[in-house]
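The exercises below are to be worked with the sequence and coordinates at hand. Each task is followed by a solution in steps.

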Amino acid sequence: MELLRSHVEHLLTAALANLGITNDAWKPMISPSREKEMGDLSLPCFAFSKQLSMAPQEISAQLAQSISPDQIISEVNSTSGYLNFKASPAWLANQILAGNIRIGDATGKSPTGHKSVLIEHTSANPNGPFHVGRARNAILGDTLVRLNRLHGNEVRAEYYVDDMGKQVAVLAWALEHLTAARVEEILADREPVNPEWQDKPDHMRVRWYQAAQVLRSDDAEKESIEQAISSMVHASENGDQGVLDAFENAYQPVLDGMLETLNRLRIGFDEFTKESIFVTNGDVSAIMNQLSDLEIHGIAENGAEYLDLGARGLKGKTEFYFKRGDGSSLYATRDIAYHIWKFQQSENLINVLGEDHKLQSKQVSMTLNELGQNSPEVLFYSFIKLPEGKMSTRKGNVVFMDDLLEEAKAFAANVVREIRVDYSEEMIAEIAEAVGTSAVRFNIIKVSPDKGFTFRWEEALSFDSDSAPFIMYSHTRTKSIARKCAAFGIEIDTINPNEISLESLDDCPNGLYNLLRTITIHNDVLRRSVEQNRPNLFANQMLNLANSYNGFYRDCKVVEDGEVDLLYLAISEIASKMLEAGMIGLGIQPLEQM
RNA sequence: GGGCGCGUAGCACAGCUGGAUAAUGCGUCGGCCUCCUAAGCCGAAGAUCGCGGGUUCGAAUCCUGCCGCGCCCGCCA
């Protein structure tokens with residue numbers, strides 16, 4: 001698209017000069033045409049009106065008159081004050097066939113070196129299985145990782161393991177002090193564990209955690225329990241290796257279970273960093289000392305220390321505490337140490353956080369700035385609600401990701417079984433797994449992260465035109481065509497794009513023209529999506545690409561009467577590769593057939 | 001009470017670096033399988049872009065007030 005833009009700018013510079021406009025202020029005003037019927041790029045002429053004392057319609061009409069179509073631009077027209085440029089189909093096809101449109105690779109094997117990015121996401125407390133709400137973080141974060149790779153960035157995906165807070169302490173305490181029978185007795189009034197997950201430690205051990213939570217609020221001994229937990233927390237914060245080991249033994253199997261769920265969604269990490277490291281290696285106390293030297297630093301009566309971020313413009317609650325009265329650190333303090341370490345790994349940091357972390361994140365960023373550090377980019381997302389209200393583990397008002405994935409797979413299997421009667425059960429299972437997991441991911445990333453949305457089973461399991469299976473389906477059509485052509489003895493890889501005749505494009509079918517145009521802007525959308533950390537923009541582009549391919553499929557028969565149209569085949573193959581790369585970028589699993 | 005975010009057809013949402021007739025899916029109504037996979041395609045109906053004010057040649061988009069919803073306002077994580 002950049003090439004088209006610079007060509008249009010070139011044509012316009014001359015045309016506008018004739019009207020007496022010599023500055024460049026109009027250049028950023030050239031934008032993709034909203035009315036696709038009219039053109040690819042448009043220039044609104046309203047702004048020239050005053051300077052030229054002419055009606056905008058008249059200006060655009062005169063400009064259209066003075067610019068004649070060429071190899072690249074097949075049409076220049078003027079409507080209601082807009083000057084529209086339409087790219088020539090043959091030129092578009094030529095660009096695409098010549099490989100000037102980047103297909104990309106989301107696997108991270110071939111970063112083209114835009115920049116390096118460290119993305120931290122998920123970082124969920126290892127105390128129980130993922131529910132749909134917590135999983136939004138992982139899906140959003142992993143998609144960001146993939147899209148950055150597709151864009152050519154070198155990405156490292158990080159999970160920050162909270163291995164020393166109260167949550168782990170509660171879990172460790174429970175595992176040490178409660179028998180299985182006691183746990184079930186305490187949780188007698190709750191839903192039992194789904195037998196399906198009886199061997200999955202995240203589902204099992206969360207029972208201990210939940211039982212402990214009950215005891216902490218109701219039990220006669222709750223004070224001594226609280227004391228026991230609190231002393232474990234303190235010991236861990238002082239770097240007590242015995243306690244830290246006990247914590248690890250408690251949470252590691254839970255974390256493994258959680259990662260198994262993510263793995264099924266094709267979500268993985270390059271590195272796990274434990275919070276405790278920054279305490280045991282001394283970073284945290286060094287930072288507390290630095291913070292104590294800052295001008296905006298303050299001390300409470302009991303010796304606790306804070307920064308007065310109000311002095312730096314923070315509104316609302318302005319004291320940011322980084323040290324407790326007993327001298328120990330807080331979560332946020334350790335987070336600052338973690339960020340400083342992360343900045344040593346990469347200049348560009350992105351965090352994925354729930355909206356409940358907004359204030360905390362702001363405080364951390366401001367403090368980092370005080371220490372002369374940059375602040376990370378943060379993608380915040382709103383929570384997923386259930387029709388009955390907020391998701392709450394305590395009320396049993398949750399949808400576990402493991403259950404959703406099973407449901408999605410079963411639902412997909414039913415669909416496949418119904419419409420592909422000749423498929424084996426093995427094939428059906430494979431397709432259903434891919435469709436189910438892809439659909440779950442896509443349904444979460446297609447909506448804007450700052451929109452809180454309500455989880456509904458019928459929508460999560462919807463495989464209609466706005467979903468991953470729609471994209472997957474278009475892609476399998478490309479595969480089906482390729483197989484058919486191979487059966488005719490055509491080796492796709494041996495086709496030389498330069499030898500394909502573009503003559504037929506003088507009368508380009510609409511479906512083909514639309515596909516060419518969608519392919520051309522594909523990378524512009526990707527760039528925007530990555531730069532703005534908004535995966536939903538690219539998700540939408542992928543729907544458009546699939547939709548355009550379907551139009552091409554309708555209008556252009558690659559194989560007809562036993563004859564293969566090489567131009568159509570070449571375009572179909574490029575669309576296929578672009579679909580596949582984009583699908584991997586969104587975590588959708590491409591299939592040969594479905 | 002204060003801070004941040006959201007409010008677009010019956011439902012769910014896109015668009016928000018200001019620009020043309022507000023895009024899409026579900027649902028509703030109608031059409032397309034002797035033709036590369038119909039999980040598809042084509043068409044119809046359906047919107048005072050929460051309400052009021054402002055800036056502008058032009059506002060769903062920017063500013064402001066109000067209303068509604070969400071999140072936060074721990075020496076928790």
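**Exercise 1.** Which helix gives the most to the lining of the second largest pocket?

Solution. The model is a predicted one.
- Step 1: List the helices that each supply at least two residues of this lining: H1 (2-19), H19 (510-531) and H20 (535-555).
- Step 2: Compare their shares; H19 gives the most, with eleven residues.
- Step 3: Place this in the whole lining, which has 30 residues. Those nearest the centre of the pocket are Pro32, Lys36, Ile521, Val525 and Gln541.
- Step 4: Add the volume of the second largest pocket, about 920 Å³.

**Exercise 2.** Determine how strand E4 (residues 82-87) is paired and covered.

Solution.
- Step 1: Take E2 (residues 41-44), which pairs with E4 in the antiparallel sense over four bridges. Here Leu41 stands opposite Phe85 of E4.
- Step 2: Take E3 (residues 73-79), antiparallel to E4 over six bridges. Asn77 has Asn84 in E4 as its bridge partner.
- Step 3: Inspect the link between E3 and E4, a hairpin with two residues between the strands. Ser80 in the turn has a positive phi of about 35°.
- Step 4: Check the cover of E4: five of its six residues are buried.

**Exercise 3.** Is Phe411 buried or exposed, or does it fall in between?

Solution.
- Step 1: Locate Phe411 in helix H15 (residues 401-419).
- Step 2: Read its relative accessible area, 37%. Buried requires under 20% and exposed over 50%, so Phe411 is partly exposed.
- Step 3: Look for a patch; Phe411, Val415 and Ile419 make a nonpolar surface patch of about 250 Å².

Technical notes. Residues are numbered from 1 along each chain as its sequence is written. Chains are lettered from A and ligands numbered from 1 in the order in which they are written. This is a predicted model: local features need pLDDT of at least 70, side-chain atom pairs count only at pLDDT 80 or more; totals for chains, interfaces and linings use all residues. Side-chain values use heavy atoms; hydrogens and water are left out. Patches are made of residues with over 30% relative accessible area and no salt bridge: like charges are joined within 9 Å, nonpolar side chains (Val, Leu, Ile, Met, Phe, Trp, Tyr) within 5 Å. Accessible areas come from the Shrake-Rupley method with a 1.4 Å probe; for residues, only the protein chains shown count as cover. A salt bridge is a side-chain nitrogen of Lys or Arg within 4 Å of a carboxyl oxygen of Asp or Glu. Buried means under 20% relative accessible area, exposed over 50%, partly exposed in between (1.4 Å probe, protein chains only). Two strands pair if DSSP finds at least two bridges between them. On a 1 Å grid over the protein atoms alone, a cavity is a set of points where a 1.4 Å probe fits but cannot get out, and a pocket is an open set with protein on both sides within 12 Å along at least five of seven lines; lining residues have an atom within 4 Å of a point. Grid points are joined across faces, edges and corners, and a volume is the space filled by probe spheres set on the points.
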